[in-house]
Amino acid sequence: MSDLKTMSPAELDLATLIVNTLTLETTPEDIDPDAALYGEGLGLDSIDILEVALAVSKTYGVKLRADDENNTRIFSSLRTLNDHIQQLKAA
Amino acid sequence: MTMLSTTRLPLIRHGSPDDLFAWHDGRPVTVRGYLAAVRDLARRLPDGGFVLNLCGDRLGFVVGLGAALLRRQVSLLPPNDTPATLRQLEESYPGLVCLTDAGAGYPGMACIEALPPGGLDRLSAAALPFGDDLAFPTDQVAAIAFTSGSTGRPMPQVKSWGTLVRSVHGAGTALDIAGLGSAGLVGTVPHQHMYGLESVALLALQHGLVLHAGRPLFPADIAACLGNFPGRRILVTTPVHLQALLADGTPLPPLDLILCATAPLAPQLAIDAEAKLGAPLHEIYGCSETGQVAVRRTSATADWLCIDGIRLRQDEQGTWASGDFLDGETLLADVIELKSDTRFILHGRSADQVNIAGKRSSLAFLNHHLNSVDGVKDGVFFMPNEGERGTTRLAALVVAPGLNAETLLASLRERIDPIFLPRPLRFVDDLPRNPTGKLPREALLRMLDIPQRD
């Protein structure tokens, strides 16, 4: 079994997009794919998430939706966000 | 017992009990349903002086506002819900009760759900009187909003019901809201801040609009919320959300009015927004101390026009706002060029004030918290030069040999709104203080460029 901390190529692409969009001080490889994006973990907030959503829309051609700003399930980790984007792309 | 004024102003201005009041959870809510929920919550509220309205759901929020007024209790509008803020508020207002969304919990706090636990339907069948008893004295204290004081404790801004209502009427007149009938209103801003309280919650209540209970963030969500309304539509938003909407290009249903506030909007962005969204865009200028002060149609003029009843004057300290419905005078935190006592041009914020994505704080407040973290020997927040895109964040230089970024950020997160967390955060051996102990901006910026030690 592979190490869960290892990113898939798609996850690494998304991590790179996030780091570049937000000019974070971390490297894409250092992001824990299962750590929270909001709050602790990567420490993003709703303004960051809005910028990431725009970059995702431009890069992947998919529009993110959340029923409400408080509904942060898809942004709970890099992995859940990537899964969500892949699902939208396949749809 | 204190005698309150005999002048009373109604909670809502909708025409009849069967009018639409809100769009909630994919369903319409009538005025009758709203008033039933207000009375239901008023019955469930324990005796006490203060309710801390933490509802994110806008329907729950305005139900809480109405129920608190009915019980002559004061709604506290927290600047954020960090544990430190809630603790401080509980110390200052003993016995307060938190109003929450369904299923939300705040450990250690007494909580009540604002909306009826059995659902709105359980209540709406009851035949209740329409609105006649739901008018409140102008001098009854309705809400306390908070600004960040330089001492580290939130500073209370007391709002009487009369101040809130008359301010919202003044803005409504300036914006000709009456011409929009019972339009649907979608807001992207929190209603616990003055802008959202006035221009989302109270604008809807006091002008018979239909309030969308959601608070959409992504462009596609904003489009979907607006699409819930069949007729006229108002969008209440900020430059950050507006920029995202335009950049994303998501098509929106036709709009009739766009309101924008929290930070100055570039005129070109306002012109683009009007062209692409097909509706007039008005900016609102105000602050927590005064509420809304002035409006302008940004595509047409750089001049701000005070709303009815507000006047400005200047002295050596700066610009003071006062008004028919305001208590005393307030020193505004911005640099202002007066053209008359009701017309002015805005020239940016005073040096200590910061505004990130619409949230205001002062560097003195943030520095106070940074320097009260255990292990921090010296530290300073400052605004780096603004980048070309996105939202520029604060930077901080910190002398804290025993701390790392993770532990320091965790401590700060407990104390200040996360939007102000430093990015970048640099650990240094000493701050670049000059011989008088001051920190020249150029020296701070230079230290940001020095590679970080590991």
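In chain B, strand E26 (residues 395–399) and E27(B) run parallel and are paired over three bridges; helices (H or I, at least four residues) and strands (E, at least two) are DSSP runs, numbered from the N terminus, and two strands pair if DSSP finds at least two bridges between them. The model is a predicted one, in which local features need pLDDT of at least 70, side-chain atom pairs count only at pLDDT 80 or more, and totals for chains, interfaces and linings use all residues. Residues are numbered from 1 along each chain as its sequence is written, while chains are lettered from A and ligands numbered from 1 in the order in which they are written.

Within this parallel pair, Arg426(B) of E27(B) is the residue opposite Leu397(B). The two strands belong to an open sheet of three, ordered E25-E26-E27 (chain B), whose pairing is mixed. Its edges are formed by strand E25 (378–382) and strand E27 (425–427) of chain B, each of which pairs on one side only. From one strand to the next, the twist averages 15 degrees (axes are lines fitted to C-alpha atoms, for helices over the stretch in contact, and angles run from 0 to 180 degrees between N-to-C directions). Helix H10 (residues 363–371) of chain B packs on the sheet and touches E25 and E26 of chain B, its direction making about 150 degrees with that of E25(B). Here, two residues are in contact if their C-beta atoms, placed from the backbone, lie within 7 Å.

Another open sheet has three strands in the order E18-E19-E20 (chain B), and its pairing is antiparallel. Strand E18 (310–315) and strand E20 (330–331) of chain B each have a single partner strand, so one side of each edge strand has no neighbour in the sheet. Strand E19 (residues 318–323) of chain B is joined to E20(B) in the antiparallel sense over two bridges, and Thr330(B) in E20(B) is the bridge partner of Ala321(B). A further antiparallel pair consists of strand E2 (residues 20–24) and strand E3 (residues 27–30) of chain B, joined by four bridges. There, His24(B) faces Arg27(B) in E3(B). Two residues lie between the strands of this hairpin, where Asp25(B) takes a positive phi near 55 degrees.

On a wider view, chain B is divided into domain 1 (8–349) and domain 2 (354–449), with bounds that come from an automatic or database domain assignment. The C-alpha centres of the two domains of chain B lie 31 Å apart. Their contact takes 15 residues from domain 1 of chain B and 14 residues from domain 2 of chain B. The side of domain 1 of chain B that touches domain 2 of chain B has five nonpolar, nine polar and one charged residues; Ala, Val, Leu, Ile, Met, Phe, Trp, Tyr, Cys and Pro count as nonpolar, Asp, Glu, Lys and Arg as charged, and the others, Gly among them, as polar.

What lies inside? A nonpolar core is a set of buried Ala, Val, Leu, Ile, Met, Phe, Trp, Tyr and Cys residues joined through C-beta atoms within 7 Å. A residue is buried if 20 or more other C-beta atoms lie within 10 Å of its own, exposed if 12 or fewer, and partly exposed in between, with C-beta atoms placed from the backbone. The largest nonpolar core has 153 residues, and Val63(B) and Leu185(B) have the most contacts inside it. Helix H6 (residues 194–206) of chain B gives the largest share of this core, nine residues. Both domain 1 (8–349) and domain 2 (354–449) of chain B give residues to this core, so it lies between them. Beyond its neighbours within four places in sequence, Leu185(B) has contacts that include Val200(B), Leu203(B), Ile234(B) and Val236(B).

Helix H8 (residues 239–248) of chain B is mostly covered, with seven of its 10 residues buried. Among them are Pro239(B), Val240(B) and Leu245(B). The buried residues of H8(B) pack against helix H2 (46–60) of chain A, as well as helix H7 (219–227), strand E13 (233–237), strand E14 (257–260) and helix H9 (267–277) of chain B. After H8(B) comes Gly249(B), whose phi is positive, near 75 degrees.

Chain A has three helices and zero strands, and 32% of its 91 residues are buried. Between the chains, 18 residues of chain A are in contact with 21 residues of chain B. The side of chain A that touches chain B has six nonpolar, four polar and eight charged residues.
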